[in-house]
Amino acid sequence: MNTQTADSVFIRACRRLPVSHAPVWYMRQAGRSLPEYRALRAGVAMLDACANPEMITEITLQPVRRHGVDAAILFSDIVVPLRAAGVGVEIRPGVGPVIDRPIRAAADLAVLRDLDPGDVGFVDRAVRMLTAELGGVPLIGFAGGPFTLACYLIEGGPSKNFDRTRALMYGAPELWDGLMSRLADITTGFLRVQAEAGVSAVQLFDSWAGVLSVEDYRRSVLPFSSRIFAALGEYGLPRIHFGVGTGELLRVLGEAGADVVGVDWRVPLDEAARRVAPGKALQGNLDPAVLLAPWAVIEERAREVLRLGRTAESHIFNLGHGVLPDTDPDMLTRLTELVHSVPARSLS
Ligand code: 1CP
């Protein structure tokens with residue numbers, strides 16, 4: 001546990017302890033909405049930036065300096081541990097991750113070897129530099145959830161509904177389990193490196209899990225995500241679990257073992273609080289597209305998210321998915337100030 005950040009508003013809210021205001025950070029707060037990010041990244045490939053400790057550190061700090069958010073999130077990508085474990089992958093500008101040789105048969109699994117901590121030494125160094133710089137501001141480590149990583153590995157790149165992935169899951173359960181088991185180990189290894197280097201919390205982004213039914217999620221994904229959260233239990237760090245379009249899955253996502261369940265914008269937080277079993281904090285859930293509307297609309301919608309957040313045992317303000325690249329960063333700064341100005345239920 002990082003003792004410097006234990007009393008921060010973000011960590012307290014993750015633990016469902018009283019806070020003066022809801023903590024706020026934004027998924028994808030580091031990235032293309034910031035001119036200082038675009039300047040630093042000019043001419044540098046995404047995965048090269050993700051392997052450079054100085055760049056990781058600077059990009060992670062940019063939104064903390066600019067917006068005064070209550071947590072930093074490590075600048076990296078969900079495919080970083082896959083590349084480190086031997087997968088041929090690049091991130092194409094404007095597209096996303098593209099895999100050289102998609103996994104479609106048992107023989108393809110051989111490309112996925114175990115992750116050795118030395119494979120991601122740059123992340124260890126960046127986290128140590130960051131925690132020294134951040135002082136009392138918590139650093140969130142993260143990894144992709146096993147379903148979402150499997151989506152990229154099987155499809156070979158971004159996809160709308162992940163049809164091939166679901167087909168393989170239904171039609172080749174042994175191959176599916178073998179793949180998910182390796183991905184769970186790689187993800188656990190990647191998060192262990194971050195936990196040991198000093199992150200204050202971790203988030204598992206199983207962004208695309210919402211394409212599954214509850215039954216299929218329970219059978220084919222939950223055992224692997226549960227394994228990851230259970231392995232991280234020894235560090236005593238708050239664990240956050242997030243996916244998009246997971247309204248029907250909120251209860252079962254909570255069962256995987258995280259302390260905080262992330263909610264996208266489709267389900268109001270009072271309804272999400274009813275769906276998730278007791279004992280969890282909620283994180284979310286302003287529609288990122290609201291940030292493209294005039295300020296008066298942003299303010300009204302954000303106040304509504306905060307109001308509904310009070311029905312949860314604890315609430316961390318965030319967007320329902322990542323910041324859109326066209327977002328005016330000044331709106332994010334203003335939104336951060338607004339969230340900080342609204343007293344939390346416990347003190348109001
Ligand atoms: O050149 C660029 O700027 C590339 C854009 C970019 C960035 C800034 C990508 C490519 N990844 C990232 C960083 C990143 N990725 C972060 C940074 C930390 C922060 O939040 O500030 C995080 C948390 C991620 C995680 C990630 N990558 C997810 C899960 C979160 C989510 O948004 O659902 C996913 C699905 C990816 C894959 C990915 N990487 C990049 C893109 C454009 C995509 C999505 C592609 C698709 O639509 O399938």
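Modeller: Let's start with a term: a polar contact is a pair of N or O atoms within 3.5 Å. Keep in mind that this is a predicted model.

Biologist: Okay, what makes Y37 and the ligand a polar contact?

Modeller: An N or O atom in the Y37 side chain is 2.8 Å from an oxygen atom of the ligand. That is within 3.5 Å, so the pair counts.

Biologist: And what makes R28 and R41 polar contacts of the ligand?

Modeller: For R28 the atom is a backbone N or O, 2.6 Å from a ligand oxygen. R41 uses a polar side-chain atom, 2.9 Å from an oxygen atom of the ligand. Both values fall within the 3.5 Å limit, so both pairs qualify. As for cover, the ligand taken alone exposes 890 Å², and the protein buries 89% of that.

Biologist: How do you know where the ligand sits?

Modeller: The test is that more than half of its atoms lie within 2 Å of a pocket's grid points. The ligand sits in the largest pocket, so it passes that test there. Two elements, α2 (35–41) and β3 (96–99), each give two or more residues to the shell around it.

Biologist: Which residues of that shell are closest, and why are they said to surround the ligand?

Modeller: The closest are R28, Y37, Y152, S207 and H321, out of 24 residues that surround the ligand. They belong to the shell because each has a heavy atom within 4 Å of the ligand.

Biologist: What is the make-up of the shell by class?

Modeller: There are 15 nonpolar, five polar and four charged residues.

Biologist: Now the whole protein. How many helices and strands are there?

Modeller: It has 15 helices and nine strands.

Biologist: Why is the protein called as compact as a globular protein of that length?

Modeller: Its radius of gyration is 19 Å and the globule rule gives 20 Å for 348 residues; the values are close, so the description fits. The C-alpha trace spans about 60 × 45 × 40 Å along its principal axes.

Biologist: What joins G284 and N285?

Modeller: A cis peptide bond, with omega at about -10°. N285 is part of strand β8, residues 281–286.

Biologist: Last one: what is notable about phi of R16?

Modeller: It's near 65°, a positive value in a residue other than glycine. You'll find R16 in the loop between α1 (9–14) and α2.

Terms used. Residues numbered from 1 in each chain as written. Predicted model: local features only at pLDDT ≥ 70, side-chain atom pairs only at ≥ 80, totals over all residues. Heavy atoms only, no water. Polar contact = N/O pair within 3.5 Å; in protein donor to acceptor, adjacent residues only side chain to side chain. Areas by Shrake-Rupley, 256 points an atom, 1.4 Å probe, with all protein chains shown as cover. 1 Å grid on protein atoms, 1.4 Å probe; cavity = no way out; pocket = protein on both sides within 12 Å on 5 of 7 lines; lining within 4 Å. Helix = DSSP H or I, 4+ residues; strand = E, 2+ residues; numbered from the N terminus. Nonpolar A, V, L, I, M, F, W, Y, C, P; charged D, E, K, R; others polar. Rg over C-alpha atoms; globule rule 2.2 N^0.38 Å.
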